[in-house]
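Reader: I'm new to this one, so please take me through it step by step.

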Amino acid sequence: MSSVPFQPDTNLTTSRMEYKYSPLKVNEFRLLTLHPRYPDSHDNASPGEDLPISCTLIPYSRNQSPPYKALSYTWGDASNKVPIRVNDSTFEVTTNLYAALEHIREDTSAVTLWIDAICINQLDDSEKTEQVKMMREIYDSSEHARAWLGLAEDGTDHALEELNRIGSLLIAKELVEPIKEFFKLPADQVERYQVLESMIKEEFAPLVAEAVEDTSRTMSFYTKACEVLSREYWKRVWIVQEIIVSPQIVIQCGKTTIDFPTLYASILYILLLGTQIISWQMGKIGGIQNLDEESSRIFHFAIELVTNGGSVSNTTKLFGVRLRYQQELSGSSGSSESSQTSKPTTSGSSLFELLARLHVTGATKAYCGATNPRDRIFSLLGMANDQSRLGIEPDYDQSRTCSEIYTHAARAIIGSGQVDFLSLSQPQGREPDLPSWVPDLRAEWILRPCGQLPWDSSFKAFHLSPESVNSRTPAETDILIPSQIRLFGYQVDIIEEIGRPWTPHYIDGCSGESSLPAISDYLADIKSICAKSDAKLAETQHDIYSNDTDRLLASKRVPVADQEEYGTGFIRRAGKDSDEGYDHITQHLVDIQAQATPTLVRDDMNPRGMSYRNMLGWQRDRRPFLSENGYVGLAPPHAQVGDVIVLLENAKFPYILRQVSDGTYNFIGEAYVHGIMYGEFLTEKTKGDGLKGFTLS
């Protein structure tokens, strides 16, 4: 059922004066009282007649304000506005905000709201700067945040009803906490993983049977639910703070609502259903060797569910960061909606972590948008536990460019010791006015370095004991040129040869048969480069690898950056499962080449092969390389022969630099270098031995 179209009061623009803001005092903010839909005896209107949207806007001290709800929404098209009444004057709002007000207002009682577009004078940069500093507190102090997704469409009411039903069922079964634990279980917790896997499989069985019984109905619901959960609302950067810090959240689409805990539980269902169906069906037929036509149909149905589920990645990231924040706030590991007012102090997330978790994607495009690109940083400051230490404040002064804001933030983050912020500086979608070492948060997508964020990765390329690392004096690190930064580290080697770029399709990834030619070329390039590395060893008798296994398995491990997938989306260091996946894919390629008619080759359904393909996708937008001393690895797609491989102090990843004529270096990007990702290069280094400064421009 679609929402009823709204009818704005078009007479307002000619009958009333335009609303004028009065300046706010220190520590004041404004609240909006939304008047009821139907008049009372004091209104000059007929009984039962809908009144136009009318509001009262009043300033309050932050310490003495009435209870209120905070609206979380997207502004919509700023050029398409309609009038409402504010303090008996005309005030223009976007059509999306008008629709939200129309659906939120009550029939006979007033609603007190905080809405940024109305409660902040958007034309006053000074006021906006001060109010933005208060926004975390504003949402945190609200009764709840009302997340307005937009008008209902055909099928959305049913989808939300199903999400309510399924989420409530998982909560009643007490499955939410075990699933959360399952998703974040460390790689070494094998026994606990098996216990949780068995529990979830047993409790999920009725839901799996229900989904498989009518796959058409399930897919229809699943598709519509994913559409609701991937609306533009979930891609707006300001909702990050609004969703994370609000004590309670009510999500509304049209007239239908769902609370946060229930929606979160239903999203866990969406994320798990496809893999649970595959596991259920595999157990039913007794193994892949017994695959029949019906099982193939169910497998393809399950894979389609997994693919569609990827469209809600922005929503799942937001919810994950919210849960982490609220748990730290309450000091517990539970998922209850905290009503406490105390704030985390030393706990919480750094600005680097918040930026990465929200702006970095997997192997597909997804990003948080902002009308003003500065807000990609400013919207997160209120939640960052290191804001004071970094010295970054919201600044809407139009005399400073966005690139200057980004450069200042990057220098502060890297200077605080978080060197791997560099790994977010990538070539895709960069604006030309940024220094090469500064991540461009305006880019449509930023990929996970080596497939994982630094704090999730087991890599530790620069691994020295604290006493072996020199403390840096300002004289060593200070640079007078604002666009440059000086860092210290070791030069590992120089790139001697570059392979072809590895750029699988963004939508199809590496799963389909159409990706096999590109996979074949990628694996062939790496195998050839590994053979040349072996030839260097035969010539020099100097082995750069610390153990024989690194050299023996290089051609299998380099394509996936020495990582393998296990369970449901977990990643660990590559082992025999990864090697078996490589063997299956290479044999599959041989089989295809041997066939006169390629269509006779059945679909690749081997679990190890599928997992290896997934990990190949995580390494997209790279190209293999060989160094002068024989190192093999993966570099950014724009790396060149002659580029320098370095290990920077405190960095988890190696980096590629390119020296320019003035002696400084252009930053190229992070890299995977086989055989040095766990500190092997530095095992014999002593304090200051070979350490040098690199000035990045």
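Reader: Let's start with E102: is it buried or exposed?
Author: Buried means under 20% relative accessible area, exposed means over 50%, and partly exposed lies in between (1.4 Å probe, protein chains only). E102 has a relative accessible area of 17%, so it falls on the low side of that 20% cut-off and counts as buried.

Reader: Before we go on, what kind of model is this?
Author: Residues are numbered from 1 along each chain as its sequence is written, and side-chain values use heavy atoms, with hydrogens and water left out. Local features need pLDDT of at least 70 and side-chain atom pairs count only at pLDDT 80 or more, while totals for chains, interfaces and linings use all residues, since this model is predicted.

Reader: Back to E102, then: which residue does its side chain meet in a salt bridge?
Author: A salt bridge needs a side-chain nitrogen of Lys or Arg within 4 Å of a carboxyl oxygen of Asp or Glu. For E102 the N to O distance is 3.0 Å, and the partner is R37. The pair links distant parts of the chain: E102 sits in helix α2 (residues 95-104), and 65 residues away, in the loop between β1 (28-34) and β2 (54-61), is R37.

Reader: And is R37 buried or exposed?
Author: The relative accessible area of R37 is 8%. That is under 20%, so R37 counts as buried.

Reader: How many helices and strands does the chain have?
Author: Both are DSSP runs numbered from the N terminus: helices are H or I with at least four residues, strands are E with at least two. Counted that way, the chain has 22 helices and 21 strands.

Reader: What share of the residues count as buried?
Author: The chain has 697 residues. Its accessible surface, from the Shrake-Rupley method with a 1.4 Å probe and only the protein chains shown counting as cover for residues, is about 30,200 Å², with 50% belonging to carbon and sulfur atoms. The buried share of the residues is 52%.

Reader: Why is helix α13 called largely enclosed by the rest of the structure?
Author: The helix covers residues 351-359. Its buried residues include charged-type names such as E353 and R357, alongside L351, F352 and L354. It is largely enclosed because the buried residues number nine of the nine.

Reader: Which residue in the D579 salt bridge is its partner?
Author: The closest N and O atoms are 2.9 Å apart, and D579 pairs with R557. These two link distant parts of the chain, 22 residues apart, with D579 in helix α21 (residues 576-594) and R557 in helix α20. Each is buried with a relative accessible area of 11%: D579 and its partner R557.

Reader: How many salt bridges are there by this rule?
Author: Some join into a network, which links E564, R572, K576, D577, E580 and R608. The count for the structure comes to 43.

Reader: D550 is buried yet has no salt bridge; which side chain of opposite charge is nearest?
Author: D550 is found in helix α19 (residues 548-552). Lys and Arg count as positive and Asp and Glu as negative, with His and the chain ends not counted. The nearest side chain of opposite charge is 4.2 Å away, and it belongs to R573.

Reader: How many aromatic pairs does the structure have, and which kind is F260 with F319?
Author: Rings of Phe, Tyr and Trp (its six-membered ring) pair if their centres lie within 6.5 Å; planes under 30 degrees apart are stacked, over 60 edge-to-face, and the rest tilted. The search finds 25 aromatic pairs. F260 and F319 have ring centres 4.7 Å apart and planes at 65°, so this pair is edge-to-face.

Reader: How far apart in sequence are the parts that this pair ties together?
Author: F260 lies in helix α10 (residues 260-285) and F319 in helix α12 (residues 313-330). The two rings also belong to one aromatic cluster with Y233, W234 and Y264. The pair therefore ties together parts whose separation in sequence is 59 residues.

Reader: What is the number of disulfides?
Author: A disulfide is a pair of cysteine sulfur atoms within 2.5 Å. Among the cysteines, C450 is buried at 1% relative accessible area and C530 is buried at 8%. Across the whole structure, the number of disulfides is zero.
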